[in-house]
Amino acid sequence: EISRTIMCFPVTSIYGSNYEKEELIRWLGRSAKDPHTNLSLDKSQIFDNVALKDQISEWVCKLSEREFDSNPIIRDDIKWWLDTHGETYANSSPQLRALRMRLR
């Protein structure tokens, strides 16, 4: 496990593990091994995971509808995610655009 944050740019290694792209690139700067499998890995062996990116966006919207107001930890995590990465998703998701406006 590299970080405990909601992924914005998920990538998949050739071994099938998913990571936040920025965190994995940073990891590979220190180690030439996949953090999960400990097998040899370089940047050419990671691929954008668009399906997971879409699932994360949907999850954030559903989670926020269900628990956002009642759970301050969830609220803080999603607010951080939207502040940090929301622009990337907001262009393609009216729900996320509305959620960002609600938090301002």
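In this predicted model, S17 touches V11, T12, D34, H36 and T37, leaving out residues up to four places away in sequence. S17 itself sits in the loop between β1 (10–13) and β2 (18–20). Despite being a loop residue, S17 counts as buried, because its relative accessibility is 9% and the cut-off for buried is under 20%.

Stepping back to the whole chain, there are four helices and three strands, and from the N terminus they run β-β-α-β-α-α-α. The chain has 104 residues, and 37% of them count as buried. Of the contacts between residues at least 6 apart in sequence, 49% join residues at least 24 apart. The accessible surface comes to about 6,700 Å², and carbon and sulfur atoms account for 50% of that.

Helix α1 (residues 21–30) has E23, L24 and L28 as its buried residues. Looking down the axis of α1, these fall within an arc of 135°, so they line one face of the helix. The face turned away from that buried side carries the exposed residues G29 and R30. As for what covers the buried residues of α1, the list includes β1, β2 and β3 (46–48).

The same helix also holds some charge pairing. Side chains of opposite charge can pair when their charged atoms come close. The count for the model is three salt bridges. E22 and R26 meet through their side chains, at 3.1 Å from N to O; being four residues apart in α1, they are separated by about one helical turn. R26 also forms a salt bridge with E23, with the closest N and O atoms 3.1 Å apart, and here the two residues are three apart in α1, again about one turn of the helix. E22, E23 and R26 are thus linked in a network of salt bridges. Burial varies across this trio: E22 is partly exposed at 49% relative accessibility and R26 is partly exposed at 41%, whereas E23 counts as buried at 19%.

The side chains of D48 and K21 meet in another salt bridge (3.7 Å, N to O). D48 lies in strand β3 and K21 in helix α1, so this pair ties together parts that are 27 residues apart in sequence. D48 is exposed, at 56% relative accessible area, while K21 is partly exposed, at 35%.

Turning to the nonpolar interior, the largest core has 14 residues, and I56, V60, I78, W81 and L96 have the most contacts inside it. The elements giving two or more residues to this core are α2 (50–67), α3 (72–90) and α4 (94–103), with α2 giving the most, five residues. Take V60 as an example: setting aside neighbours within four places in sequence, V60 is in contact with I6, I78, W81, L96 and L99. A second, separate core has six residues, including Y19, L24, L28 and I46; of these, L24 and L28 are also among the buried residues of α1.

Some nonpolar side chains end up on the outside. I14, Y15, L39 and F47 make a nonpolar surface patch of about 360 Å². Among them, F47 is in strand β3 and counts as partly exposed, at 47% relative accessibility.

One backbone detail rounds things off. N38, in the loop between α1 and β3, has a phi near 65°, a positive value in a residue other than glycine. N38 is exposed, with a relative accessible area of 54%.

Technical notes:
Residues are numbered from 1 along each chain as its sequence is written. This is a predicted model: local features need pLDDT of at least 70, side-chain atom pairs count only at pLDDT 80 or more; totals for chains, interfaces and linings use all residues. Side-chain values use heavy atoms; hydrogens and water are left out. Buried means under 20% relative accessible area, exposed over 50%, partly exposed in between (1.4 Å probe, protein chains only). Contact means heavy atoms within 4.5 Å. The arc is that of the directions from the helix axis to the C-beta atoms. Patches are made of residues with over 30% relative accessible area and no salt bridge: like charges are joined within 9 Å, nonpolar side chains (Val, Leu, Ile, Met, Phe, Trp, Tyr) within 5 Å. Accessible areas come from the Shrake-Rupley method with a 1.4 Å probe; for residues, only the protein chains shown count as cover. A salt bridge is a side-chain nitrogen of Lys or Arg within 4 Å of a carboxyl oxygen of Asp or Glu. A nonpolar core is a set of buried Ala, Val, Leu, Ile, Met, Phe, Trp, Tyr and Cys residues joined through side-chain atoms within 4.5 Å.
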